[in-house]
Amino acid sequence: MKITNLGSRDYASFYVACELFKQMSQQSHSKLGLATGGTMVDVYAFLVDLLKKNQLDVSGIETFNLDEYVGLSASHEQSYHRYMNDILFERYPYFTQSLIHVPNGDADDLAAETKRYEDLINQQGPVDIQILGIGENGHIGFNEPGTDMNSTTQVVNLTESTINANSRYFDNEDEVPKQAVSMGLASILKAKRIILLAFGEKKRAAIEQLAKNEVDKQVPATILHAHPDVEIYVDDEAAPRF
Ligand code: PGA
């Protein structure tokens, strides 16, 4: 695993957008593992730009999102499904709807939904490129500290740290859902190639933990040391200081 400081958020976002674009243009039936959150906003903006400039045929591209809040419908303003529609799928509206997968956090039977989603990853996967952000507490997807290394898609309880960090997207902290459906750590590791991005000083401590080269269950992202093809790109602020 290599941590590369690309200097700025702009450079790193553009680099990752280019990697996604290359994958999609070289293989018209590519499978992409997608992430949401503030970190990914510029990646998708650059990607939409590249797709438009090149009029890329994306009808065969299949996408799998990492997670979704429990209790929010796909159309809810803060749902990750809505984020994806607003930021990618409606800006470049040539994806095939049936090939876009986001866990349904609003399902009546969440246990059945987690099974359905994991089965889908197993049947349709593996994902060619999985992109990941990282939580201030080292989570990937919504796999919080202490998550089992063998976990598959499951309902998770969000920690105080995550609820607090994500409250910036809601009117107030009380509105942040307390649970999410998330791909597990084992589900994420099934991807062929993984690219993790981290920007800003608040992510530095988590990146410094990753730089230590040891798997620590309390820092879920460190499970990535068990994967053979992981790249990490950071900006100056998130780069390790030791
Ligand atoms: P952020 O979230 O991109 O909104 O900082 C990343 C994460 O929690 O994985």
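For the residue classes used here, Ala, Val, Leu, Ile, Met, Phe, Trp, Tyr, Cys and Pro count as nonpolar, Asp, Glu, Lys and Arg count as charged, and the others, Gly among them, count as polar. With these classes, the lining of the second largest pocket divides into two nonpolar, three polar and five charged residues. The structure described is a predicted model.

**The ligand and its surroundings**

The ligand sits in the largest pocket, and the residues around the ligand are Gly37, Gly38, Thr39, Gly133, Ile134, Gly135, His139, Arg168, Tyr169 and Lys203. By class, this shell divides into two nonpolar, six polar and two charged residues; Ile134 and Tyr169 are the nonpolar members, while Arg168 and Lys203 are the charged ones. Three side chains of the shell, those of His139, Arg168 and Tyr169, each place an N or O atom at a listed distance from an oxygen atom of the ligand, as set out in the table.

| Side chain | Distance from its N or O atom to a ligand oxygen atom |
|---|---|
| His139 | 2.7 Å |
| Tyr169 | 2.8 Å |
| Arg168 | 3.1 Å |

On its own the ligand has 280 Å² of accessible area, of which the protein covers 87%.

**The two largest pockets**

About 540 Å³ of space lies in the largest pocket, and its lining is made by 33 residues, with Thr36, Gly37, Gly38, Tyr80 and Tyr169 nearest its centre. Of these central residues, Gly37, Gly38 and Tyr169 also belong to the shell around the ligand. Strand E4 (67-69), helix H3 (80-89) and helix H5 (160-166) each supply at least two residues of this lining, which by class has twelve nonpolar, 14 polar and seven charged residues.

The second largest pocket has a volume of about 160 Å³, and it is lined by Arg9, Gly38, Thr39, Glu136, Arg168, Tyr169, Phe199, Gly200, Lys202 and Lys203. Gly38, Thr39, Arg168, Tyr169 and Lys203 therefore appear both in this lining and among the residues around the ligand, a residue being counted as near the ligand if one of its heavy atoms lies within 4 Å. The five charged residues of the second lining are Arg9, Glu136, Arg168, Lys202 and Lys203, and its two nonpolar residues are Tyr169 and Phe199.

**The enclosed cavity**

A search of the whole structure finds one cavity of 30 Å³ or more, and the volume of the largest cavity is about 50 Å³. Its lining consists of Ile121, Val127, Gln130, Met183, Ser187, Ile188, Lys190 and Ala191, which by class makes five nonpolar, two polar and one charged; the charged residue is Lys190.

**Backbone features in loops**

Two loops carry backbone details that deserve a separate mention. Gly125 and Pro126 are joined by a cis peptide bond, with omega about 0°, and Pro126 lies in the loop between helix H4 (110-124) and strand E6 (129-132). Gln55, which is placed in the loop between helix H2 (41-54) and strand E3 (62-65), has a phi near 45°, a positive value in a residue other than glycine.

Definitions and conventions:
Residues numbered from 1 in each chain as written. Predicted model: local features only at pLDDT ≥ 70, side-chain atom pairs only at ≥ 80, totals over all residues. Heavy atoms only, no water. Polar contact = N/O pair within 3.5 Å; in protein donor to acceptor, adjacent residues only side chain to side chain. Areas by Shrake-Rupley, 256 points an atom, 1.4 Å probe, with all protein chains shown as cover. 1 Å grid on protein atoms, 1.4 Å probe; cavity = no way out; pocket = protein on both sides within 12 Å on 5 of 7 lines; lining within 4 Å. Sits in = over half its atoms within 2 Å of the grid points. Points joined across faces, edges and corners; volume = space filled by probe spheres on them. Helix = DSSP H or I, 4+ residues; strand = E, 2+ residues; numbered from the N terminus.
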